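This briefing is meant to be read with the sequence and the coordinates open side by side. It goes from single positions to helix packing, the ligand surroundings and the confidence of the model.

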Amino acid sequence: MTGPPQTTFPSVRRSLAMGLMLLAFALIPAKAASADNEGAMISWGHTIAMQGNGLPGNTACAECHRINGGGMPSVGIPRIAGQTETYIYREIRGVQKGTRFSPYMDRIVLNLSKRDIHAVALYYSTVRTPKLHDPAEFDPSLATLGRRIAHRGLWERNIPACIICHGQDGRGIPPNFPYIAGQSKTYLLGQLFSFAVIKRKDDPEGLMRGIASRLTNREIKAVAQYFASLEPPVYGPIPVKNRPDRLRLIPHKETPSP
Ligand code: HEC
Ligand code: HEC
């Protein structure tokens, strides 16, 4: 029951305290610098979204995705508000490299540098936008089938439940698995067919190509309709230590610096 000699305690404590103080001094400026840097990146991303980066061919993202990232459900332009920075970055790089089939975006993103892509991805990852009206037709006879595939899959045909990867109610699993809840029916249909015929081939390990190509047209319609009927995630502020990627509210002004 005899512990370590009491006399060493104060000195250990003292050096521990000194160490912590030094560590704090070392960390504070670094933290402040990275917050400033992030604020600057978000604001550059906002500029690109509003007016492009100034180089030829680079159109404002807002023309199609809107500045609030809500997209245009009637013509199948996706919402990108609140998708993770990681996912948005990967998709745009995919368009540049030609692995993500995107006839509308390929010339627009050609002149974006990696830094530009980080900035605009960061900007849209911080935007919170409620669901927009989706004028697509809703077929009640497909409702049960869509729900069933989403939650239980079709195991006899090797089709896993969508929510295993896309999260509860299709709300995404950051940072790699995008949310699909609240995307428009037109967009979801387009992407599933695009995976099925292997036009879109940026999905890791061909996961989505395999799944989509095993679904029938009717099943694709059912599952697209199901996820289009759900609410997209609109996260509130999340405590810093719990932020899986960049899920947080966009600061109203600049990121406050201490
Ligand atoms: C002319 C319209 C148009 C413009 C401008 C445009 N996009 Fe897109 N974007 C689309 C369409 C349509 C799609 C979906 C279909 C596809 O892949 O072709 C898309 C898809 C995306 C996706 C993938 C979304 C997902 O859920 O996988 C991201 C991310 C994206 N755009 C970001 C941007 C950014 C950032 C800009 C500005 C630099 C931009 N887009 C400019 C039309 C546009
Ligand atoms: C094993 C994991 C996995 C399962 C199961 C899965 N997905 Fe996916 N899905 C992914 C990944 C990863 C991506 C992102 C691919 C990329 O980076 O382009 C994706 C992308 C998508 C997209 C495109 C999203 C966008 O914003 O463009 C749709 C739509 C989609 N999945 C629908 C489904 C449906 C419907 C099901 C169920 C039938 C399903 N997924 C099951 C992993 C999965």
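In which helix does Val 120 lie? Val 120 belongs to helix H5, which covers residues 114-125. The model is a predicted one, and its protein is built from 10 helices and zero strands.

**Overall make-up**

- Read from the N terminus, the elements of the protein follow the order α-α-α-α-α-α-α-α-α-α, in keeping with a count of 10 helices and zero strands.
- The protein has 258 residues, of which 32% count as buried.
- Among the contacts between residues at least 6 apart in sequence, 69% join residues that are at least 24 apart.

**Two buried positions in helices**

- Val 120 has 29 other C-beta atoms within 10 Å and is therefore classed as buried, since the cut-off for a buried residue is 20 or more.
- Leaving aside residues up to four places away in sequence, Val 120 touches Gly 45, Ile 48, Ala 49 and Cys 61; Cys 61 is also listed among the closest residues to ligand 1.
- Val 120 and Ser 43 are separated by 77 residues in sequence, while their C-alpha atoms are 8.8 Å apart in space.
- Tyr 226 sits in helix H10, residues 217-228, and counts as buried because 25 C-beta neighbours lie inside 10 Å.
- The contacts of Tyr 226, again not counting residues up to four places away in sequence, are with Gly 146, Arg 147 and Ala 150.
- Of these partners, Arg 147 is 79 residues from Tyr 226 in sequence, yet the C-alpha to C-alpha separation of the two is 6.1 Å.

**Surroundings of ligand 1**

- Ligand 1 is surrounded by 21 residues, and the closest of them are Cys 61, Cys 64, Glu 91, Ser 102 and Tyr 104.
- Three helices each supply at least two residues of the shell around ligand 1, namely H2 (62-65), H3 (85-97) and H4 (106-109).
- Sorted by class, the shell around ligand 1 consists of 15 nonpolar, four polar and two charged residues.

**Surroundings of ligand 2**

- Ligand 2 has 23 residues around it, with Pro 160, Cys 162, Cys 165, Asp 203 and Val 223 as the closest.
- Helices H7 (163-166), H8 (185-196) and H9 (207-214) each give at least two residues to the shell around ligand 2.
- The class make-up of the shell around ligand 2 is 17 nonpolar, three polar and three charged residues.

**Packing of H8 against H9**

- How are two packed helices described? They are described by the angle between their axes together with the distance between those axes.
- For H8 and H9 the angle is about 100 degrees and the axes are 7 Å apart, and the two helices are therefore roughly perpendicular to each other.
- On the H8 side the contact is made by Leu 192, Phe 195 and Ala 196, and on the H9 side by Met 208, Arg 209, Ala 212 and Ser 213.
- By class, five nonpolar residues, one polar residue and one charged residue make up this contact of H8 with H9.

**Backbone features in the loops**

- Pro 174 and Pro 175 are joined by a cis peptide bond with an omega of about 0 degrees, and Pro 175 is located in the loop between H7 and H8.
- The loop between H7 and H8 also holds Asp 169, which has a positive phi of about 55 degrees although it is not a glycine.
- Asp 169 is partly exposed because 18 other C-beta atoms lie within 10 Å, a count that falls between the limits of 12 or fewer for exposed and 20 or more for buried.
- Asn 158, in the loop between helix H6 (143-152) and H7, likewise is not a glycine and has a positive phi, here of about 65 degrees.
- With 10 other C-beta atoms within 10 Å, Asn 158 is classed as exposed.

**Confidence of the prediction**

- The average pLDDT of the protein is 83, and 77% of the residues score at least 70.
- Over residues 1-7 the pLDDT stays under 50, and the model has zero contacts for this stretch beyond four places in sequence.
- The pLDDT is also below 50 over residues 24-33, a stretch with two contacts in the model beyond near neighbours in sequence.

Conventions: Residues are numbered from 1 along each chain as its sequence is written. Chains are lettered from A and ligands numbered from 1 in the order in which they are written. This is a predicted model: local features need pLDDT of at least 70, side-chain atom pairs count only at pLDDT 80 or more; totals for chains, interfaces and linings use all residues. A residue is near a molecule or strand if its C-beta atom, placed from the backbone, lies within 6 Å of it. Helices (H or I, at least four residues) and strands (E, at least two) are DSSP runs, numbered from the N terminus. Ala, Val, Leu, Ile, Met, Phe, Trp, Tyr, Cys and Pro count as nonpolar, Asp, Glu, Lys and Arg as charged, and the others, Gly among them, as polar. Axes are lines fitted to C-alpha atoms, for helices over the stretch in contact, and angles run from 0 to 180 degrees between N-to-C directions. Angles under 35 degrees count as roughly parallel, over 145 as roughly antiparallel, 65 to 115 as roughly perpendicular and the rest as oblique. Two residues are in contact if their C-beta atoms, placed from the backbone, lie within 7 Å. pLDDT is the predictor's confidence in each residue, from 0 to 100.
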